[in-house]
Amino acid sequence: MQITSERFKETARVKLADPNLQAALNKLQTNFVKGRAERVAELDNFDAIRDAATEIRDRALANLDVYLTEFERNATAQGTVVHWAETVDDVNRIVCELAAKYGVRKATKSKSMVTEECALNDALEAAGVEVVETDLGEYILQLAKEPPSHIVAPVVHKTRHEVSDLFEAKHGRPRTTVIAELTREAREILRPHFLSADMGITGANFVIAETGSTLIVTNEGNGRMVTSLPRVHVAITGIEKVVPTLEDVTTLVRLLPRHGTAQTITNYVSVTTGPKRPGDTEGAEHFHVILVDAGRSKLLGADMQAMLRCIRCGACMNHCPVYQSVGGHAYGWVYPGPMGSVLTPTYIGAEKALDLPHASTFCNQCGVVCPVKIPLPDLLRKLREKQFEHGLRPWKERAGLALWAWAARRPKLYAVLAKTGAAVLARLGGRDKRIRDLPGARGWTKERDFPAPEGKTFRTQYAERKRSGVDRK
Amino acid sequence: MKVGLFVTCLVDLVRPRIGFAALKLLEGEGCEVVVPQSQTCCGQPAYNSGDRASARALARKVVAEFEACEYVVAPSGSCAGMIRTHYPDLFRDDPDELARVERVCAKTYELTDFLVNVLRVEQVPGRFGGTVTYHDSCAGLRELGVKAQPRALLGKAGVTISEMTQPEQCCGFGGTFAVKFGDISSHIAERKCEDIAACGVDAVVLGDLGCMMNIEGRLRRRGDTTTSVLHVAEVLAGVGEN
């Protein structure tokens, strides 16, 4: 996909002024934020589950090679073919080779963010394979030729009326704005695709080392049809998604839906262990799992490793005041919100996403709600440190910071500067003490006043009081 | 009890009366308050901009200025949170210096936290007759657990709080974020102001000057010239605007 992360600020400005998007984003608060809080409150041992989930993810990452090898061994024993993809290009190559090998003309897909990283649909279409997204949100986006704006609710940026317009234009059926009718319409269009596809492509929320299985959580039922109807099933996921045991995965599945969609459990939790066996009534004849690195292993053993704990619930973005304001597209690549601001520069290069680590107030609402306790603000700060070390910040910012830090270490000079600054700003504030335009800080004053200082610094006033003995009781 | 008052650079520059309110509250409780005159900034702007070296230099300066005090108190959850929860990270590679820094961290408190949990104050000098809503600033809330303390103290000042629908939602300040991403910051502030406006109160009270300036600046720009934006110390000390 086209990466536009370097234009975060300008895209954000457009998104802030988009009334449809703003109306759509308001739903996050009621649907996801409130819902998550309710689902978490239902658990009397939530903190213990969260600790256990974090420990499971850490244990998997600390022994990633061991568990991945165990997964490969157990999956292979079940008849699954395991592929290792170092890059996104490797993923596309492997899938296209499989499509050629099995004579695939059509592939159905259930929702997968890793394949967004790969731009797999484009690669398959270039190879002559028709690709049909079957998750309702992803299907809508495929029609609209747009990328997802949220990792769990990919079409959260669209209102119902926008979807109605789109369906009317693309399906050529009478317009409806009733959600149940829109869903039925999509279902009717998708049904023949499910039945005629040669290959089903899914992600995997987890891969289980102990059993050699992949697991997906879904709500619409499309996942089951994609994994069981076509002859070939290809599951594609990141290497970090491995979990040691089936019991471990149940702990994680207790948290993922509560944080992602405010559900106690998703409508479907599907575990796939090997292809169809003799006597099985359903299932793919060929099951391939592609384990993708694409930058993940770079985080191992380094100060960013905690990011690999991520289970892709989306709670961090749902709770982020910045995401709530600008939506996912502004972030410019696959992953938005706080987790995206860590992953994007890490996976595609710091210089391509310079703004993202800074696009946070550090309110830490994301860190507080993360089900696997990823310290997202700390990771964003580390990325800021790396930018600073490599001189990637604009020279004005660097010079300003250096000057300020230099002065702040020199109390006498700093006192003079503060005294002067307070007096000048107080004068600028005028009688009503409101600075309406402050050159050099117009980012602040464009849509806000800058409250003017009292005029004399604390330090000055304190010294005066000391001298006059006012503060002596 | 010897208490070092960390005024904070923003209070020093913009709203000294918050510093004097804190001074009054602490002295009123019998503390011997020292105000090191060489203090400038806790270093948070450098730390959050990725400049660890400058942040460390300023952290060393704060530690040297305040380590002789029994307690360090700041009228800011953000600055107290910087010292208490982030200074150790700055010295994680130097065990000797870390030990010294951690001694200061352990005795550093946000003002209302200190008044409630260390001094266990029974009464406060201020009385406030108007209606109030309270904004929970992020660092105080999520780094230091400041939530009940200011509300308990405001209760002693006769204040009844009319809560916002989302008092814990960030106001959009975020330090340099407010200037670097002014459009987004203002947008977040606007939503906070809508929440405040819906309370129909005389004042919004909070414990961090950065957030105060952001909220006040947006309230005034949107045409609200009557809702006061007050620091909790001002209300508790009864130190009004002029």
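**Figure 1. Chain B comes in two domains.** In this predicted model, chain B splits into domain 1, covering 2-117, and domain 2, covering 132-237. Measure from centre to centre over C-alpha atoms and you get 22 Å between domain 1 of chain B and domain 2 of chain B. Where they meet, domain 1 of chain B puts in 29 residues and domain 2 of chain B puts in 23 residues. On the domain 1 side of chain B, five helices each bring at least two residues to the contact with domain 2: helix H1 (9-13), helix H2 (16-28), helix H3 (44-48), helix H5 (77-90) and helix H7 (111-117). Sort that side of domain 1 of chain B by class and you find 13 nonpolar, 10 polar and six charged residues.

**Figure 2. Here chain B meets chain A.** This contact draws 51 residues from chain B and 49 residues from chain A. Plenty of helices of chain B join in with at least two residues each, including H1, H2, H3 and helix H4 (52-66). Further along chain B, helix H8 (138-144), helix H10 (177-180), helix H11 (182-199) and helix H12 (209-221) also supply at least two residues each. The chain B side of the contact is made up of 22 nonpolar, 16 polar and 13 charged residues.

**Figure 3. Zoom in on helix H4 of chain B.** How far apart are the end C-alpha atoms of H4(B)? They sit 21 Å apart, which agrees with the 21 Å that its 15 residues should span at 1.5 Å a residue. Among the buried residues of H4(B) are nonpolar ones such as B:Ala55, B:Leu58 and B:Val62, but B:Arg52, B:Lys61 and B:Glu65 are on the buried list too.

**Figure 4. A helix of chain A with a bend.** Helix H10 of chain A runs over residues 179-196, so look for 18 residues reaching 26 Å from the first C-alpha to the last, close to the 26 Å expected. Where does H10(A) bend? The spot is A:Leu190, where the bend is about 30 degrees, and a proline, A:Pro192, follows within four residues. A:Leu190 is also one of the buried residues of H10(A), along with A:Leu182, A:Ala186, A:His193 and A:Phe194. The buried residues of H10(A) pack against strand E2 (106-109), strand E3 (130-133), helix H8 (136-144), helix H9 (160-171) and helix H11 (222-228) of chain A.

**Figure 5. A loop residue of chain A.** A:Ile265 sits in the loop between helix H12 (246-260) and strand E9 (268-272) of chain A. Is A:Ile265 buried or exposed? A:Ile265 counts as exposed because it has 12 other C-beta atoms within 10 Å, and 12 or fewer is the cut-off for that label. The C-alpha atoms of A:Ile265 and A:Asn219 are 9.4 Å apart, though 46 residues separate the two along the chain.

**Figure 6. Inside the largest nonpolar core.** This core has 220 residues, and the members that touch the most others are A:Leu252, B:Val73, B:Ile83 and B:Val205. H2(B) gives the largest share of the core, seven residues. Pick out B:Val73 and look around: leaving out residues up to four places away in sequence, B:Val73 touches B:Val3, B:Leu5, B:Phe6, B:Leu26, B:Tyr109, B:Leu111 and B:Phe114.

Technical notes. Residues numbered from 1 in each chain as written. Chains lettered and ligands numbered in written order. Predicted model: local features only at pLDDT ≥ 70, side-chain atom pairs only at ≥ 80, totals over all residues. Domains from an automatic or database assignment. Contact = placed C-beta atoms within 7 Å. Bend = angle between axes of the 7 residues up to and from the residue. Buried ≥ 20, exposed ≤ 12 C-beta atoms within 10 Å, placed from the backbone. Core = buried A, V, L, I, M, F, W, Y, C linked by C-beta atoms within 7 Å.
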